[in-house]
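Visitor: Could you take me on a close look at one part of this protein, and then show me how it fits with the rest? I would enjoy one connected account.

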Amino acid sequence: MRHLRSTLSAFLFAALVTGAAARAEPAPPTPPSITTFVEAEYPAAAQEAGREASVELEITIGADGKVIDARVVTPVGDGFDEAALAAVEQFVFAPATKDGQPIAARIRYRYTFTPKPKVVAPAPVITGRIEGTILSRVDGSAMSSVMVVVTGADGSVYRVTTDESGTFSVDDLPAGKYRIAIDALDHAAFAQDEDVIAGEAAAVTYRLSPATTREDTGTYGAKATIEAPVREITRRTLEGDELTKIAGTRGDPLRAVELLPGVARPPSGVGMLIVRGSSPEDSQVFLDGAPVRQLYHMGGLTSFVNGALLKKVDLFPGNFSARYGRKIGGIIEAELRDPRTDRFHAGLDLNMIDVSAIAEGPLSDRWSFALGGRRSHIDAWIGSLLRATDTPVAATPVYTDWQAMAVYKADANNKLRVIGYGSTDRLDVVIANPSGASTNRDRVGVDGTFHRLRVDWTRTWPKLEQVISVTGGTNRFAVNALELVEGGVDNLEVFGRADWRATLSKMVQLSWGLDIQHAQGDLWYEGPHVPQGEGNPNKMFTRDRFDTQVVDEKGAVWFRPAAYAETTVTPVKALALTAGVRSDYFSDVSKWTVDPRFSARYVLGATTLKGGIGHFSQPPKEEETMKGFGNPNLTVQQAMHYSLGAEHQLNERVSFGLEGYYKSLDQMIVEAPSQMKENTGHGRIYGAELAARWQPGGAFSGFLSYTLSRSERNDGDAWRLFDYDQTHILTASSSYKLGGGWEVGGTFRLVSGNPETPVTGSVYDADIDAYRPLYGAVNSARSTTFHRLDLRVEKQFRVGGYPVAGYLDLQNAYNRANRESTDYSFDYTQRSDIPGLPLIPSLGIKGEI
């Protein structure tokens with residue numbers, strides 16, 4: 001017996017009557033609804049292999065309710081496409097209507113194939129029953145005509161459809177576990193495990209979230225969400241497709257994180273993330289659960305991973321889950337998607353900055369692969385530009401990155417992935433020598449490289465999921481500046497994780513796991529003492545600091561194991577309480593830490609109230625505890641996070657969020673007057689974030705975010721502003737589909753200038769034959785307000801049936817000269833502004849076969 005899960009839901013409209021004597025209003029429009037369903041023939045080979053598939057089709061229905069045309073939108077191969085198309089062409093519908101008259105219509109339909117279950121001889125049992133209601137998460141309305149598929153542990157399948165009140169029931173079910181699967185048109189697919197007890201009725205209520213549409217234009221569709229599940233107070237999720245369309249990001253999904261609420265503007269050309277007033281070193285970037293040392297390539301133009309392979313990017317600005325640790329700021333996690341398996345795909349993206357390529361597809365019924373790579377070609381033209389403008393500096397920046405993935409799906413419950421990725425950055429700057437012969441005294445070189453290999457295994461059982469992963473690789477960074485400074489790090493790193501998530505009952509979920517980091521390597525440095533950077537107006541080396549400091553540490557070891565546990569309890573349907581605890585050990589400072597965390601969410605219709613409190617710990621940086629360079633007696637930095645907020649879903653596409661937060665920082669590492677690092681610093685950060693979102697699904701989509709914040713530090717004597725404190729951060733971004741394959745978008749940012757320390761005068765120092773600046777209070781002044789407009793225009797078309805897009809991305813479209821820093825004359829009597837990046841156009845073309 002063949003089985004099918006299909007989706008087709010429609011809102012039924014009733015005529016409004018104002019009274020027996022009043023004139024009837026025109027009947028509202030109604031969508032088509034299915035009246036005659038034809039089951040598709042299951043492909044024999046796929047049935048034998050136990051393969052499932054979902055085929056999305058576009059159906060044109062005539063005014064008589066018959067199918068005029070049907071086509072496959074997302075082919076999956078293996079005979080599923082042809083079988084689904086043959087069945088759909090025989091469907092009969094009650095036609096769509098307008099003003100009471102039947103009209104032709106076009107709809108999307110997802111045809112789902114489920115393998116034929118094994119025939120099990122019936123046994124006398126005491127049966128149970130599942131009865132439930134399906135509601136819209138947006139407004140709580142009942143969802144009728146929704147197909148519900150109930151699958152037992154023995155493979156038995158029961159299919160029912162909800163009635164006008166959104167209810168369904170399945171009788172005579174043997175006791176055991178059942179998977180409830182719901183596929184409703186224009187709503188996200190849903191699945192949930194339920195227990196059936198002999199002689200009892202299991203009553204359930206499911207609320208379905210709306211799904212965004214995706215145009216059939218290859219990899220250029222649109223989808224993005226900003227939502228918060230119960231494990232974190234605030235989780236802002238950006239899903240890959242739409243992020244490639246945000247103006248000013250050059251189609252890079254990870255760059256879009258900078259535009260979210262709570263993320264401050266970094267200095268131009270510097271790849272860093274400043275989350276809720278925390279130092280960039282206080283936040284961590286993860287790729288599929290493994291930490292990476294950098295998010296961007298040198299210069300901050302592009303992230304280290306090809307955006308076409310990203311599934312989503314999560315930002316946790318604070319009060320994050322106990323699953324994460326070792327940081328007191330925020331967490332950014334990028335997740336790679338699995339390769340596509342319908343057929344072979346290859347894509348190319350060529351623009352003025354770099355070129356990237358990707359290839360992916362199936363290797364067999366169970367194996368699939370993906371390969372990606374990118375290289376900048378700025379070095380090919382920047383030299384000619386600098387020579388043409390007689391610039392006395394020659395710079396050759398080059399970056400590359402690569403990704404490789406193989407995925408093996410043994411069955412529906414087991415998946416093995418082998419993933420490799422890496423990144424290389426190289427910058428060589430040569431200052432012209434009047435003698436004509438450049439030496440190392442005229443050269444600045446920076447070289448950074450890392451490579452990773454990851455193996456992970458995902459195993460699922462009823463109500464239990466397990467993910468085990470091991471990631472290992474090398475990391476190297478070296479710098480040589482004018483023969484004055486030379487240093488670097490070269491190490492081997494291994495990261496291991498084991499995570500389990502279990503559903504103990506309808507009211508209790510439990511997550512727990514292990515998290516181990518191990519690194520061993522060399523660190524070397526020869527040069528002057530490195531002063532504290534943050535909060536120090538005199539950051540640069542001066543002649544009197546050139547007492548050479550030499551460090552050559554071989555075989556240094558850092559071992560940092562951790563364990564965590566977290567449970568979510570829902571005592572009533574609307575309330576979710578999450579409590580977690582994490583314990584870490586840091587071998588470099590011989591310290592154990594215990595970090596408890598708690599959060600709560602309460603749903604009131606379309607509004608969700610949320611709040612949380614948590615303790616967080618962060619060890620010193622590796623070099624900060626080394627003898628001769630740092631202080632071996634340093635300890636762990638600590639923070640408390642508090643947050644309270646609300647979210648409101650106005651309708652299926654429009655949502656709002658408001659959240660206030662406070663962070664208290666203790667035992668912060670600062671430099672004492674003796675130039676020794678100590679844990680005597682403190683910090684406090686507080687503010688509010690407003691987010692508004694217009695989800696894709698029509699011609700217009702966009703978001704608006706505003707952050708009001710204050711970040712302060714106390715190095716031991718008085719409170720002052722943090723170097724990157726930005727009082728006001730306003731971001732507005734939108735895109736609009738003009739039709740005919742044209743899409744335009746824009747992003748505008750208005751941000752308070754960064755704090756700065758004023759120069760009030762200078763004195764001449766005969767010992768060093770130079771003027772020394774006299775400073776006012778640290779960070780008592782502020783730079784000018786930053787504002788910038790980025791624009792993007794894209795045209796999609798097809799060449800030989802394959803999707804192609806040409807685009808122009810303009811960063812700083814009106815060429816605003818935003819001040820980034822200040823340059824002074826030799827005696828500090830005159831000053832001039834150093835602007836940030838000018839207008840940067842990126843004209844490119846991308847396509848897929």
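Guide: Happily, and one definition comes first: a residue is buried under 20% relative accessible area, exposed over 50%, and partly exposed in between. What you see is a predicted model. E486, with a relative accessible area of 41%, is therefore partly exposed, because that value falls between the two cut-offs. It is the part I would start from.

E486 belongs to strand 31, which runs over residues 485-503. Leaving aside residues up to four places away in sequence, E486 touches V479, N480, W524, Y525 and E526. One of these partners, Y525, is 39 residues along the sequence from E486, yet their C-alpha atoms are 5.8 Å apart. Links of this kind recur in the chain: of the contacts with a separation of 6 or more, 63% join residues 24 or more positions apart.

Now for the wider setting. The protein chain has 849 residues, 48% of them buried, and it contains 52 strands and 4 helices. Its accessible surface is about 38,200 Å², with 58% belonging to carbon and sulfur atoms.

As for the interior, nonpolar side chains tend to be buried together in soluble globular proteins. Here the largest nonpolar core has 28 residues, and F304, I332, L336 and Y421 have the most contacts inside it. Among the strands that each supply at least two residues of this core are strand 22 (331-336), strand 27 (398-411) and strand 28 (414-431). Another core, of 23 residues, lies apart from it and includes V38, A53, V76 and A84.

Strands 22, 27 and 28 come up again in the salt bridges, of which the structure holds 53. D338 pairs with K409, the closest N and O atoms being 3.8 Å apart. D338 lies in the loop between strand 22 and strand 23, and K409 in strand 27, so this pair ties together parts 71 residues apart in sequence. K409 is partly exposed, at 40%. D338 also forms a salt bridge with K415, where the closest N and O atoms are 2.9 Å apart. K415 sits in strand 28, so here the parts tied together are 77 residues apart in sequence. With a relative accessible area of 23%, K415 is partly exposed too.

Elsewhere, D171 and R129 form a salt bridge with closest N and O atoms 2.1 Å apart. D171 is in strand 12 and R129 in strand 9, 42 residues apart. Both partners are partly exposed, D171 at 39% and R129 at 27%. Strand 12 also holds D172, a residue other than glycine with a positive phi near 55°. D172 counts as exposed at 57% relative accessibility, because exposed means over 50%. Y828 is another non-glycine residue with a positive phi, about 65°, but its place is the loop between strand 50 and strand 51.

Let me finish on the outside. A nonpolar surface patch of about 820 Å² includes W694, F700, Y736 and W742. Y736 is in strand 42 and is partly exposed at 39%, which places it, like E486 at 41%, in the range between buried and exposed.

Technical notes: Residues are numbered from 1 along each chain as its sequence is written. This is a predicted model: local features need pLDDT of at least 70, side-chain atom pairs count only at pLDDT 80 or more; totals for chains, interfaces and linings use all residues. Side-chain values use heavy atoms; hydrogens and water are left out. Patches are made of residues with over 30% relative accessible area and no salt bridge: like charges are joined within 9 Å, nonpolar side chains (Val, Leu, Ile, Met, Phe, Trp, Tyr) within 5 Å. Accessible areas come from the Shrake-Rupley method with a 1.4 Å probe; for residues, only the protein chains shown count as cover. A salt bridge is a side-chain nitrogen of Lys or Arg within 4 Å of a carboxyl oxygen of Asp or Glu. Buried means under 20% relative accessible area, exposed over 50%, partly exposed in between (1.4 Å probe, protein chains only). A nonpolar core is a set of buried Ala, Val, Leu, Ile, Met, Phe, Trp, Tyr and Cys residues joined through side-chain atoms within 4.5 Å. Contact means heavy atoms within 4.5 Å.
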